[in-house]
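Reader: I'd like to go through some of the labels on this one and hear the reasoning behind them. Can you take me through it?

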Amino acid sequence: GIIALFAFQAYRAAQSSLAQVKAFSDNVVQNMPSGLITLDTDFNVTSANRAAENILGEIPQKACPQMAAMAAEISGSGGVASGEVALARKEKSDLRLDMTASVIPADEAQAQGFVLLFRDLTQIRDLKKQVETNRHLAAIGKLAAGVAHEIRNPLSSIKGFATYFIRQYENEPEDVEIAKIMIREVERMDRSITQLLEFAKPMAIQIRQTRIETLVRHSLKLVSHDLDKKKIRVETDIRTARETIHTDPERICQVLLNLYMNALNAMDTNGILEVGVADVQDHLEIRVADNGSGIPEKDFEKIFDPYFTTRAKGTGLGLSIVHRIIENLKGEIRVESRPSTGTVFYITLPDNIEKI
């Protein structure tokens, strides 16, 4: 009986120790900074830690194709596979993960499942991109002042001579038209230089209380001629409970004008331009949508890059300036688009910049 009692106590102690080890292991897995998912041999998800839920959101019952492909790669060899994986998301940009997959062995010949370890590279890639953009802007800034001086002076002379030729040869329609083309092209180059200087120099922000509906109506009025010319129908939906917002009205108007012009260039005659304003938690959201040609998926990551454009006469600075203004106003901008369906820009602005 005494031997049996000691054996029972030893069993209880071993069981308690095992429970503590299991609890410790579960705690480590749940609180590790990297995401962890286990799969069975049919690539069904059997478990996931807290970091995996934070990175992926809702954990799927079946592993996504990229994860299953990595697990299948090592199912026969029993080794380890690693690499960068891009997961598509419905309302956001692709989620990029640095992932490692290994086999959970059952015996020497078989596997009972797979374990996937991954970390989110999306923020790291965004930070690298931002550093590269800042470096690019610094180079543009050094170039801008010299370019403006060296080019604007000859342009003024060319425009002056073209104006002289219009008066000198007013009875020669063909010559007059050529001179007018020269003037238009000079003005286009001058606008490009102005945008370059605007983009390169430090941005001045003047914050004041601004009436939201007045700002939207005013911005639409500035493009009313272009809208009428292409017979574009405008639909406004202002649902905010706020009457005013503490921001820079001139800069927001500049942002809206750039988005309107992009929408106009993307739409055919009789298109629809939608402008909406709504409250999203403590922020104000402005939505600009069109039913135009949309943005190809391959261009999604480059639309805010300086000098990236898909239009023959575009400068590639419009959306870059938009992005820079919104950043300076402590807001966010995101885009959703599908080819042949249209594009939607969402601008989120804080109610009071001084409180940030």
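Author: Sure, what follows is a run of questions about labels, each answered by setting a value against its cut-off. Keep in mind that this is a predicted model.

Reader: Let's start with the surface. What makes Phe161, Tyr164, Phe165 and Tyr169 a nonpolar patch?

Author: A patch takes residues with over 30% relative accessible area and no salt bridge, and nonpolar side chains are joined within 5 Å. Phe161 has 52%, Tyr164 has 37%, Phe165 has 32% and Tyr169 has 39%, so each value passes the 30% mark. Together the four offer about 400 Å² of accessible area.

Reader: Why is Phe161 called exposed, while Tyr169 is called partly exposed?

Author: Exposed means over 50% relative accessible area, and partly exposed is the range between that and 20%. Phe161 is at 52%, so it counts as exposed. Tyr169 is at 39%, so it lands in the middle class. As for its place, Phe161 belongs to helix 4, residues 122-168.

Reader: How do you know that Tyr164 and Phe165 form an aromatic pair, and what makes it tilted?

Author: Ring centres have to lie within 6.5 Å, and tilted is what remains between stacked, under 30 degrees, and edge-to-face, over 60. The structure holds three aromatic pairs. In the one made by Tyr164 and Phe165, the centres are 5.7 Å apart and the planes are at 55°. The distance is inside the limit and the angle falls between the two bounds, so it's a tilted pair.

Reader: What makes Phe165 and Tyr169 a tilted pair?

Author: Here it's 6.1 Å centre to centre with 40° between the planes. That again fits the 6.5 Å limit and the tilted range, so the label holds. Tyr164, Phe165 and Tyr169 make up one aromatic cluster.

Reader: How do you know that the charged end of Arg334 sits over the ring of Tyr346?

Author: The distance part of the rule asks for CZ of Arg within 6 Å of the ring centre. For Arg334 and Tyr346 that distance is 4.2 Å.

Reader: On to the inside. Why is helix 9 called mostly covered?

Author: Eight of the eleven residues in helix 9 (residues 318-328) are buried, and buried means under 20% relative accessible area. Among them are Leu319, Ile321, Val322 and Ile325, and Arg324 is on the list too. After helix 9 comes Lys330, with a positive phi near 60°.

Reader: What about cysteines: how many disulfides are there?

Author: The count is zero. A disulfide would need two cysteine sulfur atoms within 2.5 Å. Cys64, at 18%, and Cys253, at 7%, are both under the 20% cut-off, so each is called buried.

Reader: Now charges. What makes Glu187 and Lys159 a salt bridge?

Author: Side chains of opposite charge can pair when their charged atoms come close. The cut-off is 4 Å from nitrogen to carboxyl oxygen, and Glu187 and Lys159 meet at 3.3 Å, so they qualify. Glu187 lies in helix 5 (residues 173-200) and Lys159 in helix 4, so the bridge ties together parts that are 28 residues apart in sequence. Twelve salt bridges are counted in total.

Reader: How do you know that Arg239 and Asp237 form a salt bridge?

Author: Their closest N and O atoms are 2.9 Å apart, and that is within the 4 Å limit, so the name applies. Arg239 counts as exposed at 64%, whereas Asp237 is partly exposed at 31%.

Reader: And what makes Asp279 and Arg242 a pair that ties separate parts together?

Author: The closest N and O atoms of Asp279 and Arg242 are 2.4 Å apart, so this is a salt bridge by the 4 Å rule. Asp279 is in strand 9 (residues 272-280), and Arg242 is in the loop between strand 7 (233-238) and strand 8 (244-247), so the two parts are 37 residues apart in sequence. At 32%, Asp279 is partly exposed.

Reader: Last one. Why is Arg211 called partly exposed?

Author: Its relative accessible area is 48%, and the exposed class starts over 50%, so Arg211 stays in the middle. Arg211 lies in strand 6 (residues 208-211). Its C-alpha atom is 4.2 Å from that of Thr244, although the two are 33 residues apart along the chain.

How values were computed. Residues are numbered from 1 along each chain as its sequence is written. This is a predicted model: local features need pLDDT of at least 70, side-chain atom pairs count only at pLDDT 80 or more; totals for chains, interfaces and linings use all residues. Side-chain values use heavy atoms; hydrogens and water are left out. Patches are made of residues with over 30% relative accessible area and no salt bridge: like charges are joined within 9 Å, nonpolar side chains (Val, Leu, Ile, Met, Phe, Trp, Tyr) within 5 Å. Accessible areas come from the Shrake-Rupley method with a 1.4 Å probe; for residues, only the protein chains shown count as cover. A salt bridge is a side-chain nitrogen of Lys or Arg within 4 Å of a carboxyl oxygen of Asp or Glu. Helices (H or I, at least four residues) and strands (E, at least two) are DSSP runs, numbered from the N terminus. Buried means under 20% relative accessible area, exposed over 50%, partly exposed in between (1.4 Å probe, protein chains only). Rings of Phe, Tyr and Trp (its six-membered ring) pair if their centres lie within 6.5 Å; planes under 30 degrees apart count as stacked, over 60 as edge-to-face and the rest as tilted. A charge sits over a ring if NZ of Lys or CZ of Arg is within 6 Å of the ring centre and within 35 degrees of the ring normal.
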